[in-house]
Amino acid sequence: MGRGIEDRQYCAQDYEKFNKRIHDQVDTLKEILANDNFGKGETTCIGAELELYLMDQSGNISPTNLQLLEMLDDPQYQAEINQYNIELNLSPTPAAGHPFTTIKQEMLTKFNKLWDTADKIGTRPLAIGILPTLEEHQISSEYMTDEPRYRILARELRKLRGEPFHIRINDLNNDEEIDFKTSEVCVEGANTSHQVHLMVEKDRFADIFNAAQLTLPLALGISANSSVLFGSTLWDETRVSLFKQSMDIRICDSRPWRPPSRVNFGQGWVRQGAWELFAEAANIYQPLFPQLFEEQDDNGLPELAELNLHMGTIWPWNRPVYSNHGNGHLRIEFRALPSGPTAADMSANAAFMIGLAMGLEDKIEEYMPRIPFIFSEHNFYAAARNGLDATILWPQNYQHKPMETPIRNVIDQMLQTSYDGLAKLGVDEAERVKQLSVIQKRLAMDITPAKWQKLTYRFLKRKMNKKEACKTMLNLYFEHQMAGLPVTEWDTVWK
């Protein structure tokens with residue numbers, strides 16, 4: 001989204017030209033994907049992006065991202081919207097063999113240098129979905145990274161919204177709630193994630209994408225790591241609700257319908273392929289950055305820069321990506337996983353999620369008639385709210401309706417599906433066992449990173465005030481993250 005963006009005011013003509021350009025590129029993309037050579041010879045790869053918090057020695061935010069990036073001098077790191085966040089772009093790796101161990105090792109190598117460098121300025125990087133000690137006044141423009149793309153994003157979203165964003169999130173299990181209004185887009189930056197990319201053959205895209213949508217609640221529920229915001233215990237994946245509300249430009253008016261949210265689970269099952277998702281984005285979402293680019297003439301596939309820019313201003317939890325590199329390829333960007341807590345946990349989360357999508361690919365046509373898309377969306381938000389304690393709607397054999405089923409039971413049943421899906425990608429057997437055993441142990445111990453945060457925090461609140469309890473829990477979290485063991489190996493002070 002940051003490619004050559006100019007910080008300037010846009011006029012109606014800019015939007016008109018940009019809108020025509022992306023519609024033309026949607027037509028071009030259709031022709032590209034119809035070519036038999038598209039994607040041929042490309043090795044299936046897995047990649048990832050990891051967003052991190054920066055905190056000081058006291059557990060408060062450390063707004064030092066630009067200073068830290070200058071010290072690192074590493075193009076794999078980049079700034080995020082808030083000054084106390086950075087992003088690490090990990091190298092793509094072939095899916096066959098030991099891809100998740102490779103990603104884990106690169107994380108650890110990068111982390112070691114990052115922590116050593118950050119320590120020189122009294123900063124501690126942290127992989128966590130939301131920083132528990134974050135305060136409401138810290139999600140303001142005062143802490144926004146001074147880059148054109150973020151200034152424009154804030155300006156355009158406020159213009160389209162026309163009134164403050166309303167953030168309201170509650171936990172029905174313990175009556176805790178946050179409820180406030182803000183005009184600050186920086187609220188979005190409170191959410192940090194571990195985004196995973198999987199290259200997908202164009203003719204298999206629809207089935208794998210639909211399988212990813214159906215099984216995403218399972219991956220989210222077992223991986224949740226965002227349960228404390230402003231010192232309140234809320235959803236296991238509070239990020240999901242906070243991100244959607246912080247970017248929701250829709251307002252209630254007299255119309256009997258509402259446009260779809262820019263942060264969304266999707267509009268329905270994909271019936272043909274990736275092209276319809278690009279076409280959908282061009283037709284139902286207003287452009288935010290009407291910036292035109294000069295097409296790079298390298299005698300290869302067109303870049304479709306404007307269409308890719310537009311796709312980057314829509315935030316579905318699973319998103320299609322087009323690349324013109326080589327013979328071109330399509331990717332699924334899995335965007336729902338939270339950051340943290342350790343490299344071992346994150347590599348296992350990615351393996352489980354990708355394995356589910358690949359493992360259910362051949363059966364997805366049987367599943368879709370048995371579970372309407374709206375039920376799959378319901379499952380996603382149920383998993384975000386309650387994690388491993390969620391109940392979801394899941395297809396049964398010889399059903400006359402989907403049945404409410406504990407999500408932990410479905411995860412247990414689908415571990416074999418994930419194992420088989422990873423085998424289809426050529427992932428080594430030892431790698432499959434290693435990664436999925438992390439997931440299996442969480443299930444057996446009834447623990448997730450989010451649950452560890454909640455239970456530790458609630459225990460400590462019985463001994464000290466909320467602020468001290470939150471900082472103490474966060475320090476314990478940081479110590480365990482530095483040790484590198486999965487969350488199932490962490491101390492359980494509440495027992």
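How many Å should the 18 residues of helix α15 (residues 466-483) span at 1.5 Å a residue, and how far apart are its end C-alpha atoms? The expected span is 26 Å, and the end C-alpha atoms are 26 Å apart, so the two values agree. This comes from a predicted model, and the same goes for everything below.

Helix α15 also has a good share of its side chains to account for. Ala469, Cys470, Lys471, Met473, Leu474, Tyr477, Phe478, His480 and Gln481 are buried in α15. The list mixes residue kinds, with Lys471, His480 and Gln481 sitting in it alongside Leu474 and Phe478. As for what lies over these buried residues, the cover includes β1 (45-56), α3 (99-119), β4 (123-126), β8 and α14.

Helix α14 turns up again in the salt bridges, of which the count comes to 28. One of them pairs Asp389 with Lys451, with the closest N and O atoms 3.4 Å apart. Asp389 lies in the loop between α11 (373-386) and β14 (391-394), while Lys451 belongs to helix α14 (residues 449-461), so this pair ties together parts that are 62 residues apart in sequence. The two partners sit in unlike surroundings: Asp389 is partly exposed at 48% relative accessibility, whereas Lys451 is buried at 15%, a value that falls under the 20% cut-off for that label.

Then there is the pair formed by Arg239 and Glu237, whose side chains meet at 2.7 Å, N to O. Here both ends are tucked away from the probe: Arg239 counts as buried at 3% relative accessibility, and Glu237 counts as buried at 0%.

A third salt bridge joins Glu201 to Arg204, with 3.5 Å between the closest N and O atoms. Both residues are partly exposed, Glu201 with a relative accessible area of 48% and Arg204 with one of 27%. This pair doesn't stand alone, either. Glu201 and Arg204 are linked with Glu361, Asp362 and Lys424 in a network of salt bridges.

Glu201 has another role to play in the geometry, this time at the second largest pocket. About 270 Å³ of space lies in that pocket. Its lining is made up of 14 residues, and Phe38, Gly39, Lys40, Glu201 and Lys202 lie nearest the centre. The elements giving two or more residues to this lining are β7 (194-200) and β13. Sorted by class, the lining has six charged, four polar and four nonpolar residues.

Strand β13 leads on to the backbone oddities. Most residues other than glycine have a negative phi, and most peptide bonds are trans. The peptide bond from Gly340 to Pro341 is cis, with omega near 0°. Pro341 is found in the loop between β13 (329-334) and α9 (343-359).

On the phi side, two residues are worth a look. Phe230 is not a glycine, yet its phi is positive, at about 55°. Phe230 sits in the loop between β8 (228-229) and β9 (232-233), and β8 is among the elements that cover the buried residues of α15. Leu304 likewise has a positive phi of about 55° without being a glycine. Its place is in the loop between α7 (274-284) and α8 (305-311). Although Leu304 is in a loop, this residue is buried, with a relative accessible area of 3%.

Key:
Residues numbered from 1 in each chain as written. Predicted model: local features only at pLDDT ≥ 70, side-chain atom pairs only at ≥ 80, totals over all residues. Heavy atoms only, no water. Helix = DSSP H or I, 4+ residues; strand = E, 2+ residues; numbered from the N terminus. Buried < 20%, exposed > 50% of the residue type's maximum accessible area, 1.4 Å probe, protein only. Salt bridge = Lys/Arg side-chain N within 4 Å of Asp/Glu carboxyl O. 1 Å grid on protein atoms, 1.4 Å probe; cavity = no way out; pocket = protein on both sides within 12 Å on 5 of 7 lines; lining within 4 Å. Points joined across faces, edges and corners; volume = space filled by probe spheres on them. Nonpolar A, V, L, I, M, F, W, Y, C, P; charged D, E, K, R; others polar. Expected span 1.5 Å × (residues − 1). Contact = heavy atoms within 4.5 Å.
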